[in-house]
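The following exercises are meant to be worked through with the sequence and the structure in view. Each task is followed by a solution in steps.

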Amino acid sequence: MVAATGSSRDGWSSRSAFILAAVGSAVGLGNMWRFPAEAGANGGGAFVLFYIFCVVLIGLPVLLSETLIGRHGQASAPESVRKIAAESGRSSHWDTLASFGVLGAFLVLSFYCVVGGWVLYYIGVFVQDVFATGIAGGAFEGRPPEDIESLLPGLFSDGMLMVGLHAVFITITFYFVSRGVSSGIEWVATWLMPAFFVLFLAITVYGAFTGAFSEALTYLFTFDASKLTGEVMLAAVGQAFFSLSLGVAGMMTYGAYVGREVNLAGTSGIIAGADTAVALLAGLCIFPIVFAAGLEPNGGPGLMFQTLPIGFQSMPVGSLVGLLFFIMVFFAALTSSVSLMEAPTAWLKEKANIGRPLATLVVTIGALLLGILAALSFNSMADFQPLGFIPLFEGQGMFDVLDTVTSKVLMPVGAIMTALFVGWVAERRLIDSENGLTGGLEKFWLFLVRWLCPFALIIILVVGIFPSIL
Ligand code: PHE
């Protein structure tokens with residue numbers, strides 16, 4: 001495939017390849033697993049509507065800023081930032097901000113692959129079920145719901161199995177990233193994302209006709225201002241960033257492989273729109289089943305892994321639907337984990353001046369080891385709470401610490417820095433030539449990155465981390 005960047009650098013072969021890869025990065029476990037869990041844990045409507053507000057007014061302008069930095073710099077995230085700062089006659093220290101982003105991507109990668117391992121486990125469970133009972137009836141025929149629910153705690157109690165599955169998932173990710181951008185990452189996105197969308201639409205349409213659809217609609221979209229606490233706001237903004245792959249250098253890295261002919265504002269809109277639509281549809285797929293089965297919506301991380309499989313029990317051809325569902329989640333997770341691995345890989349490759357396979361291997365081994373600690377925090381290392389003395393991390397084992405530190409600290413801080421950098425540091429001429437916007441829209445975007453994003457994020461961070469202030 002031909003690199004679109006015009007030089008010998010590896011890059012996306014076309015605009016649509018970039019869109020598929022970026023949508024692939026955005027759509028993942030964040031939409032299917034984390035969004036319903038967070039929406040349920042944070043009371044539904046107020047969280048969801050504030051999340052949409054964050055996507056449009058904060059996420060989208062930051063997404064455009066990140067891809068713009070990447071494309072102008074044509075290098076790893078810190079190097080792209082450094083180049084733009086130098087061209088604008090500013091201090092090169094700004095690249096430190098992007099280095100934190102690279103670290104953030106590495107941290108997310110480590111626990112993301114652990115959850116990827118759970119998905120592999122459920123694929124195995126449903127394959128077994130298809131063989132055991134055939135595809136005609138519902139899933140897990142004749143087994144009580146408690147039995148189905150206990151599959152996840154069963155997995156959690158088996159540290160070795162969790163570590164093994166995590167290792168398998170990260171190895172698959174390693175395989176594609178080590179092959180490079182156009183022939184590895186792009187290949188995954190071009191084949192797996194369309195397959196994901198077909199399966200996803202089929203399951204959502206199916207879900208809409210079963211279960212308590214209107215109850216789910218009311219739950220997800222009724223705004224109750226009293227529920228919008230500082231913690232809920234921080235959770236919503238964190239979810240918006242996590243879902244759009246922002247604040248951790250991921251989109252900057254992908255932006256570096258985009259050709260000059262691509263309109264970044266337009267493609268950012270497509271990426272954010274597709275990502276948000278999938279999250280909302282995932283909610284509309286999972287919550288009707290939750291309500292129809294009389295289960296609690298605040299099931300947290302267990303919603304996708306415990307509640308949904310119970311729903312598959314009462315569906316015709318439920319074993320097959322369940323199997324397809326988890327295969328689809330696996331595709332979505334893989335197109336995200338490759339982007340998480342790419343950010344530190346591109347940085348290391350450039351920094352240490354080593355080849356791609358070696359850089360990928362080093363990142364993989366590091367994330368594998370850190371992920372093992374995360375996997376064991378569900379069993380043998382449950383009592384290891386490294387940051388438990390800080391209220392934000394109270395009672396959290398390694399897995400939760402990695403999730404909280406990235407989504408509630410590194411991502412919002414990374415986004416504030418990105419907005420400030422593009423809004424105030426980078427030279428206007430350079431920004432104007434990259435953003436693909438004109439007239440009033442460009443002015444509005446500049447207002448958002450200069451003022452609204454940094455201020456809103458600082459306030460949300462403060463009230464979210466120190467709720468007693470309110
Ligand atoms: N956006 C991905 C998801 O929703 C996760 C991700 C976060 C990917 C940050 C890259 C960077 O699953």
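**Exercise 1.** Determine how helices α8 and α15 are oriented to each other in this predicted model.

*Solution.* Step 1: locate α8, which spans residues 159-178, and α15, which spans residues 318-351. Step 2: take the distance and the angle; the two axes come within 9 Å and cross at roughly 60°. Step 3: compare the angle with the classes, in which 65 to 115 degrees counts as roughly perpendicular and under 35 degrees as roughly parallel. The angle fits neither class, and α8 and α15 are therefore oblique to each other. Step 4: add the hand of the crossing, which is right-handed.

**Exercise 2.** State which residues form the contact of α8 with α15, and how they divide by class.

*Solution.* Step 1: on the α8 side, the contact is made by I172, T173, F176 and V177. Step 2: α15 contributes L334, S337, V338, M341, E342 and T345. Step 3: sorted by class, these residues comprise six nonpolar, three polar and one charged.

**Exercise 3.** Describe the packing of helix α2 against helix α13.

*Solution.* Step 1: α2 covers residues 29-41 and α13 covers residues 264-292. Step 2: their axes come within 9 Å, with a crossing angle of roughly 65°. Step 3: since 65 to 115 degrees counts as roughly perpendicular, α2 and α13 are therefore assigned to that class. Their crossing is right-handed. Step 4: N31, M32, F35, P36 and A39 of α2 meet residues of α13, among them D275, V278, A279 and F287. This contact consists of nine nonpolar, two polar and one charged residues.

**Exercise 4.** Identify the helix α10 residues that meet α13, and give the geometry of the crossing.

*Solution.* Step 1: the axis of α10 (residues 213-221) comes within 8 Å of that of α13, and the two cross at roughly 115°. Step 2: the crossing is right-handed. Step 3: F213, E215, A216, Y219 and L220 of α10 are in contact with G283, L284, F287, P288 and F291 of α13. Step 4: by class there are eight nonpolar, one polar and one charged residues in this contact.

**Exercise 5.** Characterise the shell of residues around the ligand.

*Solution.* Step 1: the shell has 16 residues, of which G28, G30, S245, G250 and S336 come nearest. Step 2: at least two residues each are supplied by α1 (15-26), α2, α5 (95-133), α11 (230-244) and α15. Step 3: the division by class is seven nonpolar, nine polar and no charged.

**Exercise 6.** Summarise the overall form of the protein chain.

*Solution.* Step 1: the chain has 19 helices and zero strands. Step 2: its radius of gyration is 21 Å, close to the 23 Å that the globule rule gives for 470 residues, so the chain is as compact as a globular protein of that length. Step 3: along the principal axes, its C-alpha atoms fill a box of roughly 70 × 50 × 45 Å.

Definitions and conventions. Residues numbered from 1 in each chain as written. Predicted model: local features only at pLDDT ≥ 70, side-chain atom pairs only at ≥ 80, totals over all residues. Axes fitted to C-alpha atoms, helices over the stretch in contact; angles between N-to-C directions. Helix = DSSP H or I, 4+ residues; strand = E, 2+ residues; numbered from the N terminus. Parallel < 35°, antiparallel > 145°, perpendicular 65-115°, else oblique. Left-handed = near helix turned anticlockwise from the far one by under 90°. Contact = placed C-beta atoms within 7 Å. Nonpolar A, V, L, I, M, F, W, Y, C, P; charged D, E, K, R; others polar. Near = placed C-beta within 6 Å. Rg over C-alpha atoms; globule rule 2.2 N^0.38 Å.
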